[in-house]
Amino acid sequence: MLYHIRMDVNLPPDLDPDERADLLAREKEYSQKLQREGKWPHLWRIAGEYANFSVLDVADHDELHALLSGLPLFPHMDIEVTPLAAHPSKIEG
Ligand SMILES: O=C(O)C[C@H]1C=CC(=O)O1
């Protein structure tokens with residue numbers, strides 16, 4: 001199943017710089033592993049914002065929830081999920 005996700009990142013301004021660097025490194029590693037596994041086929045920065053649009057490809061709502069709640073940045077994000085269904089006018093390819 002495909003899901004369109006918007007993630008807005010809100011890191012505390014007073015976060016310790018070493019903790020921030022560690023958090024971002026772990027987030028990058030986590031997201032790149034999921035990209036390599038084909039579960040995160042699209043990851044786009046929203047221009048001008050600390051936010052992204054993503055498409056995730058997972059089995060069901062439960063896998064989606066597990067994947068999102070495992071994000072190292074999860075406690076610092078607002079996440080909006082839109083489930084995607086097939087469009088009848090879409091051509092093949
Ligand atoms: O920077 C972000 O948009 C948040 C997050 C999503 C993937 C990743 O590596 O960081």
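Here is a short walk through the sheet, the helix that packs on it, and the salt bridges of this structure. Please keep in mind that the model is predicted.

Let us begin with the sheet. Four strands make up an open sheet, and their order across it is β2-β3-β1-β4, with antiparallel pairing. At its edges lie β2, covering residues 42-45, and β4, covering residues 77-84; each of these strands pairs on one side only. As you step from one strand to the next, the twist averages 15°.

Now look at the pairing of β1 with β3. Strand β1 spans residues 2-9 and strand β3 spans residues 51-57; the two run antiparallel and are joined by seven bridges. A good place to see this register in your viewer is Tyr3, which stands opposite Leu56 in β3. From here, turn to helix α2, made of residues 61-69, which packs on the sheet. This helix touches β1, β3 and β4, and its direction makes about 25° with that of β1.

With the backbone layout in place, the charged side chains come next. The structure holds five salt bridges, and three of them are worth a visit here.

One of them pairs Arg6 with Asp8, with 2.8 Å between the closest N and O atoms. Asp8 has a relative accessibility of 21%, so it counts as partly exposed; the cut-off for buried is under 20%.

Another links Glu37 to Lys33, and here the closest N and O atoms are 2.7 Å apart. Both partners can be placed by their accessibility: Glu37 is partly exposed at 42% relative accessibility, and Lys33 is also partly exposed, with a relative accessible area of 47%. For Lys33, the label follows because exposed would require a value over 50%.

Which parts of the chain does the pair of Glu63 and Lys39 tie together? Glu63 sits in helix α2, while Lys39 belongs to the loop between α1 (17-36) and β2, so their salt bridge connects parts that are 24 residues apart in sequence. The closest N and O atoms of this pair are 2.6 Å apart. Glu63 has a relative accessible area of 22%, which makes it partly exposed, and Lys39, at 24% relative accessibility, counts as partly exposed too.

Finally, go back to Arg6 and Asp8. Together with Glu49, these residues form one network, joined by salt bridges that share partners. Arg6 and Asp8 are thus a pair in their own right as well as members of that network.

Note on methods:
Residues are numbered from 1 along each chain as its sequence is written. This is a predicted model: local features need pLDDT of at least 70, side-chain atom pairs count only at pLDDT 80 or more; totals for chains, interfaces and linings use all residues. Side-chain values use heavy atoms; hydrogens and water are left out. Two strands pair if DSSP finds at least two bridges between them. Axes are lines fitted to C-alpha atoms, for helices over the stretch in contact, and angles run from 0 to 180 degrees between N-to-C directions. Contact means heavy atoms within 4.5 Å. A salt bridge is a side-chain nitrogen of Lys or Arg within 4 Å of a carboxyl oxygen of Asp or Glu. Buried means under 20% relative accessible area, exposed over 50%, partly exposed in between (1.4 Å probe, protein chains only).
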